[in-house]
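Biologist: Before I plan anything at the bench, I would like to go through this model with you, beginning with the ligand and ending with the cysteines. Could you show it first?

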Amino acid sequence: MKTREGGNGAMQLDRQGCVILAAGEGKRMHSPRSKVLCEVAFKPLLGWVLDAAKQAGILDIAVVASCDDVKEAADGCEIYEQKERLGTGHAVMCAGDFIKNRGEDILVLCGDAPFIDAETITGAFKMHRGNNNDVTVISAVVANPKGYGRIVRKDGALAAIVEEADCDDDTRRISEINAGAYWFKAASLVSVLDGIKNDNAQGEYYLTDAVELLIKQGKSAGCYIADSADVALGANTPADILALNDIAREKIINKHLENGVLFLNRDGIIISPDIEIEPGATIMPGCMLSGATRIGGSSVIGPNTTLRDTVVGKDSRILSSLCVESTVGDGATVGPYTQLRSNSHIGDKTKIGDFVEIKNSTVGEGTAVAHLTYVGDSDIGRYCNFGCGVVFVNYDGEGKSRSTVKDFAFVGCNTNIIAPVTIGEGAYTAAGVTVTEDVPDGALAIGRARQENKTGWAKEKLEHYIERKSK
Ligand code: UD1
Ligand code: CA
């Protein structure tokens, strides 16, 4: 899709530009972040919109922003600053240089409406080109039009867009609304931008007035009614974010169901839109899957598991665990109650059990770390066995050091491994050892005080105890 040499067939979407409006204040969201960075299914609103434009094949994208967090999130886009937020029309004016120099047509999208999609963008573009329109407004017919700009038609043709605050009673009843997405002929948009005034109920420069100005000049304007009214849904309040999350959740689970992923029910399952799950995998209740997470076929995830940026192979089982920026091989079992912190790589056929924490470490094929163990900054070989309660002592109060445990090693219960140290191939450590020196291949490390039994020492204590309890 990424080509300018006739790519995208006759559509030429790769030759057009897109402006995303993302400088709105979002006061009603009460969020410390900018509104367009509020998340739906763990993905910022702006990320959804950017991906829709990219999936449609658009290469040149400008983002109108006012806050640093949005500028950072719009990595790879051209940023146009809107210092004062004077309305959507003003926001578009801020990207004037982009609009004049990027392609014949310009797509304008709202950064706070995440369900705009590539099909709608493409369908609207076809109509726009087919009818040789100067502007094509993407509209939707909704059950509750409150808060949206209403599409006013005269004899069936688009005549104006009227904002909620400027509506009379009749106009307020119109159920066809402006989704806030438009294709403009770039030159036509530029020609009317200066004519937009702020003499309306909100005192803002409305982009929707550009449409009316074009119509008044006798230019051709049309509406592309989206197949799904969801494309118009925006977010202004926390309640809107919740509603969008509910919709996204259903859509995403349904997509995976169609692909052959199994679910027992939908309770507490939130999957971000870009997760790849192979057919035959099962997602149990209470799972949150986000970032660049991928799950192989026949694996069972959950219940109650959070995976962020984690890749799980085939036939693996992850139960009641938290895994971040890590990988798990094929045929492995992880959990219950395991934490894989960043950069942990767990091999095939491993068994990582309850209350095990692993950080920035590798664990080789077939190794078992089954209970109550901390592995930090270390490399563990194949087919090792760890007893209960092993601690990799990786931090000396100033810096972190790595340790190595080679293939087939047997690490006894309650071993402390003081980094940096190497436990050799097939070596053993006795239970309770504190390993401070390398253990050669095949050796047993034992370093603990010899046990002494004081005969009869407890007898008197026991008599006192029984006497007290029997009072
Ligand atoms: C806008 C449309 C309305 C449409 C609705 C769809 C106008 C005047 N109205 O209304 O017809 O039904 O979207 O969701 O365009 N923004 C800026 N700078 C600003 C103001 C806004 O960048 O000065 C951005 C916001 O971040 C947001 C987008 O533009 O992403 C839309 O702004 P918003 O204030 O939410 O417009 P609505 O009132 O929803
Ligand atoms: Ca809005």
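Biologist: Which element gives the largest share of the shell around ligand 1?

Modeller: This is a predicted model, and in it the elements that give two or more residues to the shell around ligand 1 are α3 (88–94) and β10 (176–185). The largest share, three residues, comes from β10.

Biologist: Which residue has a side-chain N or O atom 2.6 Å from an oxygen atom of ligand 1?

Modeller: Backbone atoms also take part, since an N or O atom in the backbone of Leu21 lies 2.9 Å from a ligand 1 oxygen, and one in the backbone of Ala22 lies 3.5 Å from an oxygen of ligand 1. The side-chain atom at 2.6 Å from a ligand oxygen belongs to Thr88.

Biologist: How much of the area that ligand 1 exposes when taken alone does the protein bury?

Modeller: The space taken by ligand 1 is the largest pocket, and 23 residues surround the ligand, with Gly24, Gln82 and Glu163 among the closest. Taken alone, ligand 1 exposes 750 Å², and the share of this that the protein buries is 90%.

Biologist: Why is Cys38 not bonded to the closest cysteine sulfur?

Modeller: Cys38 is buried, with a relative accessible area of 6%. A disulfide needs two cysteine sulfur atoms within 2.5 Å, and the closest one to the sulfur of Cys38, in Cys67, is too far for a bond because the distance is 12 Å.

Biologist: How many disulfides does the structure hold?

Modeller: Cys110 is in no disulfide either, as the nearest cysteine sulfur, that of Cys18, is 11 Å away. For the structure, the number of disulfides is zero.

Notes
Residues numbered from 1 in each chain as written. Chains lettered and ligands numbered in written order. Predicted model: local features only at pLDDT ≥ 70, side-chain atom pairs only at ≥ 80, totals over all residues. Heavy atoms only, no water. Buried < 20%, exposed > 50% of the residue type's maximum accessible area, 1.4 Å probe, protein only. Near = heavy atom within 4 Å. Polar contact = N/O pair within 3.5 Å; in protein donor to acceptor, adjacent residues only side chain to side chain. Areas by Shrake-Rupley, 256 points an atom, 1.4 Å probe, with all protein chains shown as cover. 1 Å grid on protein atoms, 1.4 Å probe; cavity = no way out; pocket = protein on both sides within 12 Å on 5 of 7 lines; lining within 4 Å. Sits in = over half its atoms within 2 Å of the grid points. Helix = DSSP H or I, 4+ residues; strand = E, 2+ residues; numbered from the N terminus.
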